[in-house]
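Here are my notes on the model you asked me to look over. Please read them with the structure open.

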Amino acid sequence: MTENRIRVGHATDAERYVATDHTVWFQEVPAAPAEEQLIGLPEAQRFAADVDGSDPGTYPGIYGVFPLTLAIPGPDAVPRQVPCAGLTWVGVHPDHRRQGVLTAMLRHHLERVHEEEGTHVSALHASEPTIYGRHGYGLASLELHVSLGRGTTLTAPDLEDAAAAVTTHLATVSDPDVPKRMRECHLGSADLGSVVGEAGYYARIGYQLPEHLRDKESWRVLFARRDGEDVGFAMFRRTHKWERARPAGDLAVWAIVGDPAARLALLRRLVDFDLIGTVKLGTVGVDDPLLLWVGGPRSTSDLATYDSLWVRLVDLPEALQDRAWSAPCDVVVEVADTAAPWNQGSWRIRADDAGGATVERTTAESDVHLRVEALGAAYLGGGNLVAMHRAGLVTERRKGAVAELWRAMRTEVAPTAAVGF
């Protein structure tokens with residue numbers, strides 16, 4: 001099969017779209033109608049690849065987009081939220097692997113985002129980390145999975161009064177007002193590197209199929225409230241377990257959202273549930289105060305590190321000008337980008353003392369040569385360009401230019417882990 005025979009466009013058949021997803025991910029097939037299974041994924045953001053003679057019951061490939069906002073470096077270290085195309089539901093039918101389907105779909109995605117007014121970046125969570133770097137996505141943040149024992153002490157002297165002013169209230173994720181409340185909390189406290197979905201995204205989180213709930217507790221939401229207002233939440237699920245006639249259940253936390261005092265109050269409640277032995281937390285950023293509150297990594301029961309958000313600069317100059325810069329720089333960067341050829345070439349990046357930058361095409365000799373994924377990795381201030389240079393992934397043509405660029409892009413704290421989508 002040659003790539004020019006692959007047609008990518010809107011997926012018009014929801015049944016066929018869902019059937020493809022089930023084939024790719026090989027999980028139990030839900031009994032719910034296709035449109036119900038697709039709740040939260042806008043119809044206009046469902047796409048599919050097709051070829052002549054393909055199975056009429058499935059597509060050769062599918063992908064979807066969640067409209068999101070991404071919290072990027074902003075003025076005075078306050079994150080700024082910008083539109084972001086959240087690439088999701090990506091799958092290639094087993095009969096069509098290694099035939100250019102994924103490449104065609106990602107090119108279609110990048111071209112659509114490029115044409116969309118105001119959206120300059122795409123982001124995703126990678127099912128397999130070796131795939132998306134080939135298409136210009138850079139690993140922009142890391143995620144910690146942390147396990148704590150019941151009753152873990154969390155010490156934060158300067159937050160005690162603020163945490164004491166927070167109360168917690170338990171709800172179920174499917175309660176009618178819960179998705180809206182979750183989204184409002186998320187919008188109000190999005191740390192650097194956070195993604196926030198539209199209302200449909202949180203409706204999807206609150207939607208639970210019977211097949212996914214078999215022998216499981218419904219997801220619960222513990223809200224943090226201050227002066228009668230929601231200021232944070234933790235979404236979690238408990239699993240019964242007994243060891244030698246003693247309760248040793250697991251409490252798995254999808255995410256904790258809120259300011260530090262709200263998160264501290266929520267964590268203290270989570271490690272105090274009855275019948276629980278271990279609290280397992282995902283979506284923890286590498287600079288999350290949790291590790292300081294417990295006394296360091298060895299004070300946890302377990303800790304593992306994974307890749308979190310992968311970022312793709314679709315419109316390079318606009319994306320770089322959207323973010324705030326930490327130091328002045330004047331660097332000519334030669335960018336390799338075969339998937340989005342409008343980014344290919346040399347760009348002069350000039351950042352000023354006020355945190356603004358101009359990014360313009362230039363014919364001047366380049367100071368740095370890199371692939372576009374390196375800038376995606378550094379975009380949130382997490383991917384260290386100097387470390388990439390040492391690793392042989394970035395080429396320096398003017399001594400000190402990589403460090404100059406990195407000083408201007410780095411941030412005071414590392415980007416947090418992003419919730420899954």
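The points below cover a sheet, a helix that lies across it, the nonpolar cores and one loop residue.

1. This is a predicted model. Its seven-stranded sheet is open, with mixed pairing and the strand order β8-β10-β11-β14-β15-β7-β16. The edges are β8 (167–172) and β16 (302–307); each has a single partner strand, so one side of each is left without a neighbour in the sheet. On average, and with direction ignored, neighbouring strands are turned by 25 degrees against each other.

2. Within this sheet, β14 (residues 249–258) and β15 (residues 276–284) run parallel and are joined by five bridges. D250 has T278 of β15 opposite.

3. Helix α8 (residues 260–270) lies across β8, β10 (220–226), β11 (229–239), β14 and β15. Relative to β14, helix α8 runs at about 170 degrees.

4. The largest nonpolar core contains 77 residues, and M182, W254, W325 and L385 have the most contacts inside it. With neighbours within four places in sequence left aside, W325 is in contact with L320, I349, A351, G355, G356, A357, L405, A408 and M409. A second core is separate, has 31 residues and includes V253, A262, L270 and W293. In soluble globular proteins, nonpolar side chains tend to be buried together.

5. Is T58, in the loop between β2 (46–50) and β3 (61–72), buried or exposed? T58 is buried, because its relative accessible area is 7%, and the cut-off for buried is under 20%. Apart from neighbours within four places in sequence, the contacts of T58 are R16, A19, T20, T23 and H93.

Note on methods: Residues are numbered from 1 along each chain as its sequence is written. This is a predicted model: local features need pLDDT of at least 70, side-chain atom pairs count only at pLDDT 80 or more; totals for chains, interfaces and linings use all residues. Side-chain values use heavy atoms; hydrogens and water are left out. Two strands pair if DSSP finds at least two bridges between them. Helices (H or I, at least four residues) and strands (E, at least two) are DSSP runs, numbered from the N terminus. Axes are lines fitted to C-alpha atoms, for helices over the stretch in contact, and angles run from 0 to 180 degrees between N-to-C directions. Contact means heavy atoms within 4.5 Å. A nonpolar core is a set of buried Ala, Val, Leu, Ile, Met, Phe, Trp, Tyr and Cys residues joined through side-chain atoms within 4.5 Å. Buried means under 20% relative accessible area, exposed over 50%, partly exposed in between (1.4 Å probe, protein chains only).
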